[in-house]
Amino acid sequence: MDRIEYEKMHAVEERMWWFHGIHANLLTAFRRSGRVRAGSIVLDAGCGTGGFLAKLGRALPGLQRVGMDFEPVAADLTAARAQVPVCVASINQLPFAPASLGAIFSADVLCHRSVDQDRALVDLHRCLQPGGVLVLNLPAYDWMFSAHDRAVHTARRYTRTRLEALLRDAGFAEVRTSYWNSLLFPLMVLRRKLMKTEGAASDVMPFPAPIEFLFRSAMRIENFLLRCGLALPFGGSVLAVAIKHD
């Protein structure tokens with residue numbers, strides 16, 4: 001992404017409703033996988049400005065957290081915020097030994113225009129230990145492509161069926177997916193497809209307190225449903241959990 005997008009993310013990541021929602025869903029998916037093992041090395045591949053790694057450390061302090069991002073500015077911001085080791089590298093070629101990681105998170109990275117999704121998935125599989133877990137989040141539906149995607153260098157969006165096929169082709173055994181950001185999806189369609197926006201600006205921004213409260217409440221409802229094991233039928237994002245063969 002462009003530097004300005006990292007700066008915007010860094011400014012709002014700890015208080016914007018969308019980041020609260022995605023971070024909670026990533027944690028829920030990981031916990032429900034049953035593969036949370038104290039002492040495991042856990043990578044955030046495409047760590048952005050470190051908000052998720054900081055939250056992961058507070059929620060599951062027994063893990064050894066590592067960050068990685070393609071942009072040096074993101075690595076510096078993550079190291080300062082999350083207080084973890086961070087390397088600068090591409091998800092197309094991870095700088096980790098085979099079977100060295102217990103879990104990998106990657107949020108909205110495979111969709112970037114600089115990423116070879118098939119090559120990246122094979123390399124993510126290579127780096128996981130047997131029984132290791134991959135937790136992915138990706139934007140949903142090609143028809144939802146908008147100015148936001150151009151601003152954050154998104155090249156493709158996904159469906160559950162397509163993502164499940166990609167993960168199985170990469171060698172993952174057990175794959176579970178769900179959409180999310182379902183309750184607010186009509187508003188997302190309205191803003192991105194029906195309202196005219198100038199230029200190519202992302203939707204990462206501070207919101208007024210009443211809107212933050214309402215939107216966070218919607219995210220809490222959806223996270224509760226995901227914790228109960230329900231797969232949401234539609235939404236703005238796809239959440240996936242994939243297990244490497246034991």
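In this predicted model, C127 is tucked away from solvent: the residue is buried, with a relative accessible area of 0%. C127 is in no disulfide, and the nearest cysteine sulfur, which belongs to C87, sits 10 Å away. A pair of cysteine sulfurs has to lie within 2.5 Å to count as a disulfide, so C127 and C87 don't make the cut. Much the same story goes for C111, which is buried with a relative accessible area of 1%. C111 is likewise in no disulfide; for this residue the nearest cysteine sulfur is that of C47, 15 Å away. Widening the search to the whole structure turns up zero disulfides.

C127 falls within the residue range of helix 5 (residues 117–127), and that helix is also the place of D123. Is D123 buried or exposed? With a relative accessibility of 11%, D123 counts as buried, since the cut-off for that label is under 20%. Setting aside neighbours within four places in sequence, the contacts of D123 are I91, N92, Q93 and L94.

Q83 makes a handy counterpoint. Its relative accessible area comes to 62%, so Q83 is exposed. Q83 belongs to the loop that runs between helix 4 and strand 3 (86–88). Once neighbours within four places in sequence are left out, Q83 is in contact with R65 and T78. As for L63, which is 20 residues from Q83 along the chain, the two C-alpha atoms are separated by 13 Å.

Next, the packing of the interior. As a rule, nonpolar side chains in soluble globular proteins tend to be buried together. Here, the largest nonpolar core holds 41 residues, and the members touching the most other members are F19, F30, L56, F105 and V135. Quite a few elements chip in at least two residues each: helix 1 (3–12), helix 2 (17–32), helix 3 (51–59), helix 4 (72–82) and helix 9 (209–227), along with strand 4 (101–107), strand 5 (128–139) and strand 7 (237–243). Which helix gives the most to this core? That would be helix 2, with eight residues. A second core, separate from this one, has 39 residues, including V115, L138, F172 and Y179. Back in the largest core, F19 is in contact with M9, V12, E13 and V204, leaving aside its neighbours within four places in sequence.

Helix 8 (residues 185–194) has a clear inside and outside. Its buried residues are F185, M188, V189 and R192. These residues cover an arc of only 100 degrees around the axis, which means that they lie on the same side of helix 8. The other side of the helix carries P186 and L194, both exposed. Helix 6 (147–151) is part of what covers the buried residues of helix 8.

Finally, there is the matter of open space. The second largest pocket has a volume of about 240 Å³. Its lining is made up of 13 residues, and R32, R176, S178, L226 and L230 are the ones that lie nearest the pocket centre. Helix 2, strand 6 (174–180) and strand 7 are the elements that give two or more residues to this lining. Helix 2 thus turns up in both settings, as a contributor to this pocket lining and as the element that gives the most to the largest nonpolar core.

Terms used
Residues are numbered from 1 along each chain as its sequence is written. This is a predicted model: local features need pLDDT of at least 70, side-chain atom pairs count only at pLDDT 80 or more; totals for chains, interfaces and linings use all residues. Side-chain values use heavy atoms; hydrogens and water are left out. Buried means under 20% relative accessible area, exposed over 50%, partly exposed in between (1.4 Å probe, protein chains only). A nonpolar core is a set of buried Ala, Val, Leu, Ile, Met, Phe, Trp, Tyr and Cys residues joined through side-chain atoms within 4.5 Å. Helices (H or I, at least four residues) and strands (E, at least two) are DSSP runs, numbered from the N terminus. Contact means heavy atoms within 4.5 Å. The arc is that of the directions from the helix axis to the C-beta atoms. On a 1 Å grid over the protein atoms alone, a cavity is a set of points where a 1.4 Å probe fits but cannot get out, and a pocket is an open set with protein on both sides within 12 Å along at least five of seven lines; lining residues have an atom within 4 Å of a point. Grid points are joined across faces, edges and corners, and a volume is the space filled by probe spheres set on the points.
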